[in-house]
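I opened the structure today to follow the strand pairings and the helix packing, and I kept my entries in the order in which I looked things up.

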Amino acid sequence: MKVAFTTSTGVEVDLNFRTSTSFTVWDVRPDEAYYVTTVRITDDAGCEDDRIAIRVKALSGCSIVCAREINGPAAAKLAAGGIHPLKAGVATPVEEIIGRLKNVLRGAPAPWIRKAQIGNDFVAG
């Protein structure tokens with residue numbers, strides 16, 4: 001499944017979803033993960049709702065968006081777009097979060113993760 005991370009460096013989840021202009025996207029599977037692309041937000045004009053909508057649209061192929069902080073309205077818009085919001089709370093290495101996700105995928109993942117796996121041509125565990 002594709003997972004986007006808010007990051008200023010590509011190494012650490014260190015930005016708020018609403019203000020991040022750079023998202024690294026990884027394809028995370030139970031036994032491997034690899035970098036896919038970096039999504040950059042260049043059109044950031046307008047009100048907060050517009051800024052959130054721009055990000056949700058740009059990340060539409062992702063199953064999860066992980067940010068240091070995600071406020072309620074942004075989380076709701078992500079969920080409405082079929083993207084699960086994941087809040088790190090503190091600056092956390094991308095590789096650490098990927099490792100945790102891989103462990104979840106190898107075990108008994110929650111129903112929403114199984115659905116995301118199937119949606120990305122995975123066989124549910």
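I began with Val 3, and in this predicted model I found that Val 3 stands opposite Ile 64 in strand 5. Looking along the two segments, I noted that strand 1, residues 2-6, pairs with strand 5 in the parallel sense, and that the pairing runs over three bridges.

I then looked up where the side chains of strand 5, residues 64-67, are directed: Ile 64 and Cys 66 point one way, while Val 65 and Ala 67 point the other way. I also checked whether these residues are buried or exposed, and I recorded that all four positions, Ile 64, Val 65, Cys 66 and Ala 67, are buried.

Next I turned to the other partner of interest, strand 6, residues 84-87, which pairs with strand 5 in the parallel sense over four bridges. Within this pairing I saw Ala 67 standing opposite Lys 87 in strand 6. Tracing the chain, I wrote down that strand 5, helix 2 (residues 72-80) and strand 6 make a right-handed β-α-β unit.

My last entry concerns helix 2 and helix 1, the latter spanning residues 48-58: their axes come within 10 Å and cross at roughly 35 degrees, and the crossing is right-handed. For the contact, I listed Asp 49, Ile 52 and Val 56 from helix 1, which meet Pro 73, Ala 74, Lys 77 and Leu 78 from helix 2. Sorting the residues of this contact by type, I counted five nonpolar, no polar and two charged.

Definitions and conventions
Residues numbered from 1 in each chain as written. Predicted model: local features only at pLDDT ≥ 70, side-chain atom pairs only at ≥ 80, totals over all residues. Heavy atoms only, no water. Buried < 20%, exposed > 50% of the residue type's maximum accessible area, 1.4 Å probe, protein only. Pairing = 2+ DSSP bridges. Right-handed = clockwise from strand over helix to strand, strands pointing away. Axes fitted to C-alpha atoms, helices over the stretch in contact; angles between N-to-C directions. Left-handed = near helix turned anticlockwise from the far one by under 90°. Contact = heavy atoms within 4.5 Å. Nonpolar A, V, L, I, M, F, W, Y, C, P; charged D, E, K, R; others polar.
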